[in-house]
Structures are given as structure tokens and as C-alpha cells.
Amino acid sequence: MTALSSTPTSWDRPHRAAERMARAWSLAVAGTSYVSMSGMEVQDFLTSLSTRIIHALTAEVFDPADVREVGSTLVAAHFTEPTTVERTMAVLSEQFGNAPARRIAQIQGALAAGYALALRDRVLEEQEEIRTAALWSQARAEEGRRVSDARFRAIFAGAAIGMSVSTVDGHIVEVNQALCDMLGYTADELLAMSFEDFVLPDDPPSAAELFADLFAGQREQVRIEKPYIHKDGHRVWTDLVASVIRDDEDRPRWLVAMFEDITERHLLQVRLRHQALHDPLTQLPNRTLFFDRLAELLTDASGDARVGVCYLDVDGFKVINDTLGHDVGDQLLQTVARRLARSINGEGQLVARMGGDEFVVLIENSADIEQVVSVAEKALDTVRAPVHVGGHEISISASIGVVEQPLLGTSTGELMKAADTTLYWAKADGRNRLALFDAERHAREVKRYELSASMPAALERREFFVEYQPLVRLSDARIMGVEALVRWRHPRFGVLGPDAFIGMAEETGLIVPLGRWVLHEACRQAAEWHRTAADRAPLMSVNLAVRQMRDRTIVRDVKAILEQTGLAPERLQLELTESAVMGTGGEPTEALKALADLGPRIAIDDFGTGYSNFAYLRHLPVHSLKLAGSFVAGLRPPERPDPVDEQIVAAVIGLAHTLKLSVTAEGVETAEQASRLQALGCDTAQGWYYASPGPASAIKLA
């Protein structure tokens with residue numbers, strides 16, 4: 001047969017032709033058969049086969065054996081799907097389209113024959129392997145059972161962990177040496193025992209239920225941590241894994257158990273758990289354990305169950321730390337902790353350290369407040385005993401907050417907040433004592449805190465307003481002035497008088513901006529009255545708090561407000577308490593002199609409750625005294641006035657007039673008081689007898 005003629009375009013470069021054919025071939029057969037080669041590996045593999053096919057195509061004499069080998073090679077490489085052969089034939093037709101048809105047919109036939117023969121041989125080999133494997137598996141099954149039994153016995157006997165085999169009704173039939181060593185019994189002694197001999201009171205509560213499920217077929221295996229008692233009496237903790245062995249009818253027949261000795265691990269866990277729930281310094285239960293126990297009580301609360309809490313703080317502990325050192329402080333806390341734990345150890349009583357120098361006693365199922373108070377008094381007596389540490393004898397005391405209430409309707413947070421608040425009361429009342437929780441007092445303090453927290457926003461929202469109470473001249477009952485009194489229209493608590501919030505405003509410093517606003521509002525109103533009533537307009541009297549007088553901007557603020565409102569300075573009276581007038585050194589404040597220089601009148605408010613010293617009044621720029629209402633109250637007789645109060649009032653009025661000071665009496669509520677004050681020479685008065693505080697529109701201008 002004549003070989004294909006070589007042409008410059010087709011076959012002068014056989015290697016490139018093979019690569020081109022391999023690329024087309026690999027794309028055609030991609031995904032038709034599963035082979036463990038990457039795409040590039042498949043292309044390299046087909047390139048070598050393409051080279052052999054091109055060689056057969058261009059050979060002078062066609063040798064079908066070489067092409068048949070190409071077909072068998074495809075099978076050997078697992079290109080075994082019919083689609084692979086089909087697409088291979090198509091590639092040969094496309095690639096060799098200009099070759100003699102006969103040669104192409106010879107190549108396709110030889111390749112197909114080699115592919116088919118190889119595939120047949122492969123199928124025959126696989127069938128033989130399957131038949132042989134079946135025969136071997138049958139023979140080896142019997143051998144496997146014998147070997148498995150021998151292996152199990154070898155493992156059972158030589159295992160490092162304890163093992164046992166028992167019947168499902170609890171009789172032990174086989175044990176290994178490791179289990180004997182673990183529990184201290186001989187094999188014969190263990191074989192004479194049953195499950196019941198190893199049941200302990202502190203077994204896991206779920207153990208019986210788990211084994212019942214195992215025997216009922218609901219479980220195939222059970223794993224629990226279980227204690228056993230060694231023959232010599234000590235406890236051995238094990239990690240127990242029990243599996244049921246069933247017969248051919250799937251009925252539980254045997255129980256195989258494996259025991260790992262985890263005693264050391266268990267003891268370590270116990271120590272770690274103890275450390276997590278106990279204070280490292282005092283070894284008392286810590287706050288975590290305390291709150292866990294309290295949470296359990298609240299969760300299980302029912303009926304009329306009650307609880308008591310004594311929250312204890314060592315008085316002056318910081319001073320001991322700062323002066324004697326933290327080592328002495330730590331020893332002191334350890335001593336206090338030991339004493340508390342020793343003296344308060346009744347059933348249902350838990351002593352814990354909350355942190356720092358704070359301890360707490362939890363009384364479960366308390367009977368009443370007397371029982372809890374008894375525990376608190378015992379704790380106080382325990383702490384009061386002198387402590388000898390570091391060569392020092394230290395006398396200490398404690399303050400305790402006592403709470404006793406029903407469990408239902410409370411929470412951990414509410415209970416501890418009440419205890420903490422009550423402890424603060426004991427501290428504030430002088431220390432070295434206990435204080436009982438008072439729900440009404442607590443509610444007042446909560447309200448006070450809410451008011452304090454909301455005051456800045458209330459000032460911005462303009463919730464404050466000013467009312468005016470007349471200052472009446474006693475000689476003719478004419479209104480000669482008014483006192484500006486601030487009120488708070490609270491969105492939740494209604495209208496509040498100054499007694500409800502002025503003290504808080506002074507504590508927080510808000511009295512400065514609040515007082516500035518009150519002064520501006522009062523001066524604005526006074527200026528308005530002066531524009532409409534001229535000389536008939538009343539004098540405007542405004543209170544200045546101590547903190548306002550201590551503020552460095554007070555003089556500048558008063559001057560600016562007078563200028564902004566257009567009020568003449570002589571139309572304004574500033575009321576100051578005696579403590580606001582005098583500085584820390586007992587001398588008049590510079591601010592007082594500067595305010596007087598601006599032109600307003602200066603009045604001493606609540607005279608008689610502070611310095612009450614007329615000697616210094618001679619040197620102060622003061623124009624008026626306002627008698628404290630407590631003195632005026634003595635002039636209101638059930639039968640006749642208090643002679644002492646009357647003499648005091650008369651003396652004050654006389655001395656004030658000697659110093660050319662006018663006198664105003666506060667708190668006048670009856671005609672008898674007004675009459676007596678006029679008889680004693682008092683100049684002006686104010687009180688409910690004349691008018692209660694009200695809006696500006698209620699003031700009648702004469």
C-alpha cells in the first residue's frame with residue numbers, strides 16, 4: 001500500500017500535527033470517562049497516542065498492531081465509556097480528512113478492534129476477581145470470626161483500662177486484670193458481685209434511666225462519669241462506657257463495659273470548680289457562688305418563701321490599708337472572714353465575700369425580720385472584737401444593711417440594690433451599726449435620684465416656673481414687695497416646691513444655672529410691673545443660694561441681668577442665708593460687697609439659724625433681716641404665745657432697728673401672729689395669712 005504523500009502544509013511537522021490532534025481529541029473526550037488525570041496530563045497522554053496514529057497514517061506499509069495498541073492503551077487509562085470511542089472516531093475523520101479513505105478506515109478499524117479486545121479482557125479479569133474474592137471472603141469469614149474472638153480476648157486481658165462482660169440482668173461473667181487492680185478486688189470476688197453492689201448514693205441521677213434505655217434498645221451505648229468504692233474504702237472515679245451486644249434476633253444478650261480511672265482529673269475539676277466559686281484570699285464563697293445560690297432560690301420560689309440578706313462593709317478599711325499596708329489589710333480580712341464563717345453557720349446560711357472589704361450573708365427561708373436582725377447583730381459583734389495582725393492590735397467595726405422580704409415578686413438586682421442602699425444608710429447614720437431596709441425611704445431616694453438626673457433636661461425644656469408671694473407692710477397691710485419662689489412642673493410627679501429639688505440642685509451644682517434663670521425671670525417680671533405701675537410696683541426679692549455666692553460669675557451675672565431686663569437695681573432685693581454671707585474664714589465674702597455696690601438691697605434670710613451675731617451685721621452692707629419661721633411659729637397660741645419666742649423676736653426686732661435694718665417675719669399664718677408682730681414693731685410679713693405663692697397675675701398692685 002502506498003503511504004500518504006508528505007505535503008508542506010500537513011505532515012512535514014509531525015510533532016505539531018500530533019499536538020494539534022491531541023488538543024482536538026482531549027476537548028472531544030472531556031467528561032466522557034472518569035480518569036485520574038488533569039486536563040494537561042490528558043492532553044500529554046493523547047499527544048503520544050496521536051504521534052503513533054500519524055506514524056501509522058504516513059507509513060509506507062500499514063501495521064494494524066501498533067494502532068490496536070493505541071485502543072488498548074485507552075482502555076488501560078480508563079477511557080472506557082462508549083462515548084469516548086464514538087468521539088475518538090469522529091476526531092480521526094476530522095483530522096485526517098485529506099488522507100486516503102482506505103487508510104483512515106484501516107486506522108479506525110484497528111483502533112476499535114484493540115479497544116474492544118482490551119475492554120473484553122478487562123471485563124473477564126474483573127469477573128474472575130469477583131469470583132475469587134467471593135470464595136476468599138467466605139473462607140476468611142470463618143477465619144475472621146476465630147481471629148476476632150482471639151483478638152478480643154487478647155485485648156480484653158491486656159487492656160490498660162478496666163473491662164467487664166456481664167449479662168443484661170446484672171451478673172458479671174468476666175473481668176480483666178486492669179479492673180481488678182483499679183478496684184482492689186480479685187477476679188473471683190468481682191464475679192461474685194452484681195450491678196447492685198456498685199450503686200452509690202452520689203451516682204449521676206440519670207444513670208438508671210440511661211441503662212434502662214440501653215436495654216430497651218433505645219440506645220446502643222452509654223457514657224457517664226461514675227464513682228466506685230475501692231476495696232480499701234477510698235473513692236475511684238471512672239469514665240464508664242457500656243455497650244450492649246445483641247444476638248441474631250437483635251435481643252440484648254451481653255453488656256460490655258470499659259472503665260477508665262479519672263480520679264485525678266475529677267479531683268482537679270473539683271479544685272478548679274472550688275477556685276472558680278471561692279475567694280482566693282479568704283476561701284469564702286465568692287460573689288459568683290452567692291448569686292448562683294440566690295438565683296436558685298428565686299427560680300424555685302413559691303408560696304410565702306422569704307429570704308434575708310445582710311450586706312456588711314468593714315468601717316475605715318481604706319485607712320488601715322493606707323497606713324499599715326495591704327499585707328496587714330489582707331490579714332485583717334482573712335481574720336474577719338474566719339470569724340464570720342465560724343459564727344454564722346446555721347442551716348441555710350451562706351457567708352460570702354463580695355469583694356474588697358464587703359461581705360454578705362444569705363439567709364434562706366428566713367422566718368421574719370427578727371431572725372435576720374439577729375444574724376446581723378451577731379456579725380457586728382464578731383467584727384467588733386479586736387484583731388491582732390502584723391504586730392498591731394486593731395479595733396474595727398462594720399456597717400450592715402439588712403433586707404428581709406418574700407422571694408416572689410423580687411429579683412436578684414432589686415434585692416441587692418435594696419441591700420446596697422441600706423448599707424449606705426448605715427454608713428451615713430454613723431457606721432458601726434445596722435440599718436433596716438425601708439421601702440418608703442428607698443422610694444423617696446429613688447425619686448430624688450430621678451429628679452436629680454432629670455433636672456438639666458428639665459431646665460432646657462423650661463419645666464421650671466416662678467410664683468410670687470407678697471411681702472406685706474404690717475402698718476397698713478399694703479403689698480410693698482414680693483418674693484420669687486421657683487416651682488417645677490414635673491411631667492411625672494406634678495408641681496414640685498423648692499423643698500423637693502433645691503437641695504439636690506445645690507449638691508449637683510445646677511443651682512447656679514437654675515438660680516440665674518430664676519433671677520432673670522423675676523427681674524423681667526419686676527421690670528414689667530414697673531413699666532405698668534411705676535412707683536406702685538412691688539420690690540422683687542430673690543433668693544441666692546450658698547453655691548451661687550461661691551460662684552465667681554455671680555456679680556457679673558446679676559449686673560448683666562439687670563441690664564438685660566432694664567430693672568433698676570434699687571427695685572431688686574437679694575436674699576442670702578447667713579452662711580452665704582460669710583466666707584470660710586468668718587469674714588464677709590468679696591462677692592457680697594461687690595453685689596451691694598451694684599445697688600440691690602441685701603437681706604439676710606432665715607436669720608437666727610446661722611451665726612445670729614449682730615456684731616458683724618454692723619460691718620455688712622445689709623438692709624433687712626428675715627426672721628426664721630420657727631420663731632414666728634411660737635407666736636401662734638393655742639392659748640397664749642410662747643413667752644420665750646416672743647422675747648427673742650422682740651429682741652431681734654429692737655436690735656435690727658438699732659442697726660437701721662428693717663425686719664420681715666416669715667411664715668405668718670394667723671391674725672394673732674400678725675397682730676403680735678405689729679405690736680412688737682416688725683416692719684413686714686409674709687405667709688399664708690396674707691397669700692400663698694401664686695402667678696404674677698395674682699399680685700394686686702395698689
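**Exercise 1. Is A477 buried, partly exposed or exposed, and what relative accessibility does it have?**

*Solution.* Before starting, note that this is a predicted model, in which local features need pLDDT of at least 70, side-chain atom pairs count only at pLDDT 80 or more, and totals for chains, interfaces and linings use all residues. Residues are numbered from 1 along each chain as its sequence is written, and side-chain values use heavy atoms, with hydrogens and water left out.

Step 1: learn the scale. Buried means under 20% relative accessible area, exposed means over 50%, and partly exposed lies in between (1.4 Å probe, protein chains only).

Step 2: apply it. A477 has 54% relative accessibility, so A477 counts as exposed.

Step 3: locate it. A477 sits in the loop between β13 and β14 (478-490). Strands (E, at least two residues) and helices (H or I, at least four) are DSSP runs, numbered from the N terminus.

Step 4: look at the backbone. The phi angle of A477 is near 60°, a positive value in a residue other than glycine.

**Exercise 2. Describe N432 in the way you described A477.**

*Solution.* Step 1: find N432 in the loop between α14 and β12 (434-436).

Step 2: its relative accessible area is 35%, so N432 is partly exposed.

Step 3: phi of N432 is near 50°, a positive value in a residue other than glycine.

**Exercise 3. Explain how K318 and D322 are placed for their salt bridge.**

*Solution.* Step 1: recall the term. A salt bridge is a side-chain nitrogen of Lys or Arg within 4 Å of a carboxyl oxygen of Asp or Glu. Side chains of opposite charge can pair when their charged atoms come close.

Step 2: check the distance. The closest N and O atoms of K318 and D322 are 2.7 Å apart.

Step 3: use the helix. K318 and D322 are four residues apart in helix α11 (residues 317-324), so about one helical turn separates them. An α-helix has 3.6 residues a turn, so residues three or four places apart point the same way.

Step 4: check the surroundings. K318 and D322 are both exposed.

**Exercise 4. Work through two further salt bridges, R531 with E528 and K626 with E575.**

*Solution.* Step 1: for R531 and E528, the closest N and O atoms are 2.9 Å apart. Both residues belong to helix α17 (residues 511-533), where they are three residues apart, about one turn of the helix.

Step 2: judge their exposure. R531 has 57% relative accessibility and therefore counts as exposed, while E528, at 33%, counts as partly exposed.

Step 3: turn to K626 and E575, whose side chains meet at 2.8 Å, N to O. This pair links distant parts of the chain, with K626 in strand β19 (residues 624-627) and E575 in strand β17 (residues 572-577), 51 residues apart.

Step 4: judge exposure again. K626 has 1% relative accessibility, so K626 counts as buried; E575, also at 1%, counts as buried too.

Step 5: widen the view. Salt bridges that share partners join E483, E575, K626 and E666 into one network. The structure holds 29 salt bridges.

**Exercise 5. Check the length of helix α10, then examine its start and its cover.**

*Solution.* Step 1: the expected span of a helix is 1.5 Å times one less than its number of residues.

Step 2: helix α10 (residues 287-299) has 13 residues, so 18 Å is expected, and its end C-alpha atoms are 18 Å apart, which agrees.

Step 3: look at the N-terminal end. N286, in the loop between α9 and α10, caps α10, with a side-chain oxygen 3.2 Å from the backbone nitrogen of T288. At 13% relative accessibility, N286 counts as buried.

Step 4: find the partners of N286. Contact means heavy atoms within 4.5 Å. Leaving out residues up to four places away in sequence, N286 touches A276, L277, H278, D279, A352 and R353.

Step 5: list the buried residues of α10, which are L289, F290, L294, L297 and L298. Their cover includes α9 (263-277), β6 (306-314), β7 (349-355), β8 (358-364) and α14 (412-428).

Methods. Polar contact = N/O pair within 3.5 Å; in protein donor to acceptor, adjacent residues only side chain to side chain.
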